[in-house]
Amino acid sequence: MAANIGPKRLVVGAHYGLRDWLAQRITAVVMAVYVIAFAAYALFVLPAGYEAWAGLFAPLWIKIATLVVIGVLIYHVWVGMREIFMDYVKPTSVRLFAYVLTVLWLAACAVWSVQILWRV
Amino acid sequence: MSTTLLDKKRPEFKNIHVTQIVRYRLPAGSVTSILHRVSGALMFLALPFLLWLFDLSLISELSYVRLATVLSGWFVKLVLLGLCWALLHHLVTGIRHVLLDLHIGIEKEAAARSALWVHFISLPLTLAAGLKLFGVL
């Protein structure tokens, strides 16, 4: 740790802690529950056609639940992509650039999903 | 004439080069691990595409019909099949990771077996998704 203090601090490091490790597992469990419940309902219960599909996303609570899961997904994707970059992209400037692109990409996806859900 | 230890040709162990990767036989756990990364990265790249499909499915009756025509192309179906595999593989390996973290099946043999079981579960489900996608089921 001492090697990383002060001016030697790794600016593209990962907080060196337990937080993201734990968050990755909790977000995974939340998504797994949503995906399995959603897939089971959509495959075996929901009638075919636009009316039923759009009707599914009409209630406010399902919009909120879906958006929360998308938010959780985006955090999960951020931790995962950062991990990939930390393992394979070594120069600090390139890695930082990759981080910035990833954050912008994910932020755009988040905003878009709000628009999609609240237009129904 | 005597030779010192320093004169002997010592074996060298360098980092694996990309060209050597194909000659390495990875254990099952490593294969599922690297595929977990690959599938995750694929879904990350496909996120806007999936949101676009989701958008089409919800805007109106008209866009819903348009989605059906988009989904009728074989290339789109193939991409979706790839993403189905990515999701199923990522989900099943993810469940395995959480179980390992809870110290379930952490012994060497059990972990190697569960690494294979990941494929036995995710591949048939992918096949089922493929049959549904291509209209066989």
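## Exercises on a predicted two-chain helical model

In chain A, 77% of the contacts with a separation of 6 or more are between residues 24 or more positions apart. Keep in mind that this is a predicted model, with ipTM 0.86 and pTM 0.85.

### Exercise 1: sizing up chain A

**Task.** Work out which elements build chain A, and set its radius of gyration against that of a compact globule.

**Solution.**
- Start with the elements: chain A has four helices and zero strands, so to write the order from the N terminus is to write α-α-α-α.
- Next, the radius of gyration. A compact globule of 120 residues would come out near 14 Å, but chain A has 19 Å.
- Then look at the box: along the principal axes, the C-alpha atoms of chain A fill roughly 60 × 25 × 25 Å.
- Finish with burial. Of the 120 residues in chain A, 10% count as buried.

### Exercise 2: the same job for chain B

**Task.** Decide whether chain B is more spread out than a compact globule or not, and say why.

**Solution.**
- Chain B has four helices and zero strands, running α-α-α-α from the N terminus.
- For 137 residues the globule rule gives 14 Å; chain B has a radius of gyration of 23 Å, well over that, so it is more spread out than a compact globule.
- The C-alpha box, taken along the principal axes, is roughly 90 × 35 × 25 Å.
- Of the 137 residues of chain B, 15% count as buried.
- As for contacts with a separation of 6 or more, residues 24 or more positions apart make up 69% of them in chain B.
- A quick confidence check: mean pLDDT for chain B is 89, with 93% of its residues at 70 or more. Confidence is highest in H3(B), at a mean of 95, and lowest in H4(B), at 93.

### Exercise 3: does H2(B) add up?

**Task.** Check the end-to-end span of helix H2 (residues 61-72) of chain B against 1.5 Å a residue, then count its buried residues.

**Solution.**
- H2(B) has 12 residues, and the expected span uses one less than that number.
- That gives an expected 16 Å; the end C-alpha atoms are 17 Å apart, which agrees.
- Now the cover: zero of the 12 residues in H2(B) are buried, so this helix is hardly covered.

### Exercise 4: where the chains meet

**Task.** Describe the side of chain B that touches chain A: how many residues, from which helices, and of what kind?

**Solution.**
- Count first: chain B puts in 19 residues and chain A puts in 19 residues.
- Next, the helices. On the chain B side, H1 (28-59), H2 and H3 each supply at least two residues.
- H1(B) gives the most, with 12 residues.
- By kind, the chain B side splits into 12 nonpolar, three polar and four charged residues.

### Exercise 5: finding the cores

**Task.** List the residues of the largest nonpolar core and say which helix gives the largest share.

**Solution.**
- The largest nonpolar core has eight residues: B:Trp85, B:Ala86, B:Leu87, B:Leu88, B:Leu91, B:Val92, B:Ala115 and B:Val118.
- H3 and H4 of chain B are the elements giving two or more residues to this core.
- H3(B) has the largest share, six residues.
- Take B:Leu88 as a sample: beyond its neighbours within four places in sequence, B:Leu88 contacts B:Ser122, B:Leu125 and B:Thr126.
- Apart from the largest core lies another, of six residues, including A:Ile70, A:Leu73, A:Val77 and A:Trp78.

### Exercise 6: two residues of chain B

**Task.** Classify B:Ala129 and B:His103 as buried, partly exposed or exposed, and place each one in the chain.

**Solution.**
- B:Ala129 sits in helix H4 of chain B. It has 18 other C-beta atoms within 10 Å; buried takes 20 or more and exposed 12 or fewer, so B:Ala129 is partly exposed.
- Leaving out residues up to four places away in sequence, B:Ala129 touches B:Leu81 and B:Cys84.
- B:His89 is 40 residues from B:Ala129 along the chain, and their C-alpha atoms are 13 Å apart.
- B:His103 lies in the loop between helix H3 (74-101) and helix H4 (108-133) of chain B. With 8 C-beta neighbours inside 10 Å, B:His103 counts as exposed.
- One more thing to spot: phi of B:His103 is near 65°, a positive value in a residue other than glycine. Most residues other than glycine have a negative phi.

Technical notes
Residues are numbered from 1 along each chain as its sequence is written. Chains are lettered from A and ligands numbered from 1 in the order in which they are written. This is a predicted model: local features need pLDDT of at least 70, side-chain atom pairs count only at pLDDT 80 or more; totals for chains, interfaces and linings use all residues. Two residues are in contact if their C-beta atoms, placed from the backbone, lie within 7 Å. Ala, Val, Leu, Ile, Met, Phe, Trp, Tyr, Cys and Pro count as nonpolar, Asp, Glu, Lys and Arg as charged, and the others, Gly among them, as polar. pLDDT is the predictor's confidence in each residue, from 0 to 100. The radius of gyration is taken over C-alpha atoms; the globule rule is 2.2 Å times the number of residues to the power 0.38. A nonpolar core is a set of buried Ala, Val, Leu, Ile, Met, Phe, Trp, Tyr and Cys residues joined through C-beta atoms within 7 Å.
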